[in-house]
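Dear colleague,

I am handing over the structure we spoke about, and my notes on it follow below. Please read them with the structure open beside you.

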Amino acid sequence: MKNFFYTVLLLCFFLLSSSWGVEEGLDIPPLAKEEALPPPPPSPSRHANSKIGEMIQHGKYLVEAVALCAECHTPRDENGLIMDKWLQGASLPWVSKLSVNNWASYAGPLVGLPEGWKEADMVQYLETGMLPGGGYSKLPMPPYRMSHKDALAITLYLESLKDENPKRDSSTIKNEDNAPFPNNP
């Protein structure tokens, strides 16, 4: 009964606040045109009208909207994600602030797959959470258990990015021994 009361109260508050015109009372200046939206991440176009292209687009969707890979694997500055360094690896300074042991403080680059990984390694990793050399990634990397279709789609998308951005920015690579993809658990 108590939960029902809170639900009704919350619903009433929401309905009333939406009719009050809350947004009109705030003095928030509009964003400048160049600040409105960050540039989109790279879009693979080589296979745009093929079955592989469909898989790559599905992988892009999974990376950007479901798994949210860029949140850790893309460096940030004061304005947010640095889109020119999309999925090129990034340090995770918030890990040290949490004071947790055995967590990775660096998320390795994913453009073209992690260094030394084959397509089958990435698909296996995304399906089972198992690293190619055995063991599991360090936290905060989640141990994914994806379907074969989704794992393959993400793998194809990541591989397609190397064609658009063949160089990795070595300035963002700090300590790959501490990356969430080490071969020692």
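**Cysteines, a surface patch and a helix**

C69 counts as buried, with a relative accessibility of 14%. Please bear in mind throughout that this is a predicted model. C72, by comparison with the cut-offs used, counts as partly exposed, at 23% relative accessibility.

How many disulfides does the model contain? The count comes to 0, and the reasoning rests on the distance between sulfur atoms, since a pair of cysteine sulfurs must lie within 2.5 Å to be called a disulfide. For C69, the closest cysteine sulfur is that of C72, 9.0 Å away, which is too far for a bond. Taken from the other side, the sulfur of C72 has its closest cysteine sulfur in C69, again at 9.0 Å and too far for a bond.

Turning to the surface, W94, L98 and V100 make a nonpolar patch of about 250 Å². Of these residues, W94 belongs to helix α5, which spans residues 93–98, and W94 is partly exposed, its relative accessible area being 35%. That value allows W94 to be part of the patch, because patch residues need over 30% relative accessible area.

The remaining point concerns helix α6, which covers residues 119–128 and in which D121, M122, V123, Y125 and L126 are buried. After α6 comes G129, whose phi is positive, near 80 degrees.

With best regards

How values were computed: Residues numbered from 1 in each chain as written. Predicted model: local features only at pLDDT ≥ 70, side-chain atom pairs only at ≥ 80, totals over all residues. Heavy atoms only, no water. Patch = residues over 30% accessible without salt bridge, like charges linked within 9 Å, V, L, I, M, F, W, Y side chains within 5 Å. Areas by Shrake-Rupley, 256 points an atom, 1.4 Å probe, with all protein chains shown as cover. Salt bridge = Lys/Arg side-chain N within 4 Å of Asp/Glu carboxyl O. Helix = DSSP H or I, 4+ residues; strand = E, 2+ residues; numbered from the N terminus. Buried < 20%, exposed > 50% of the residue type's maximum accessible area, 1.4 Å probe, protein only.
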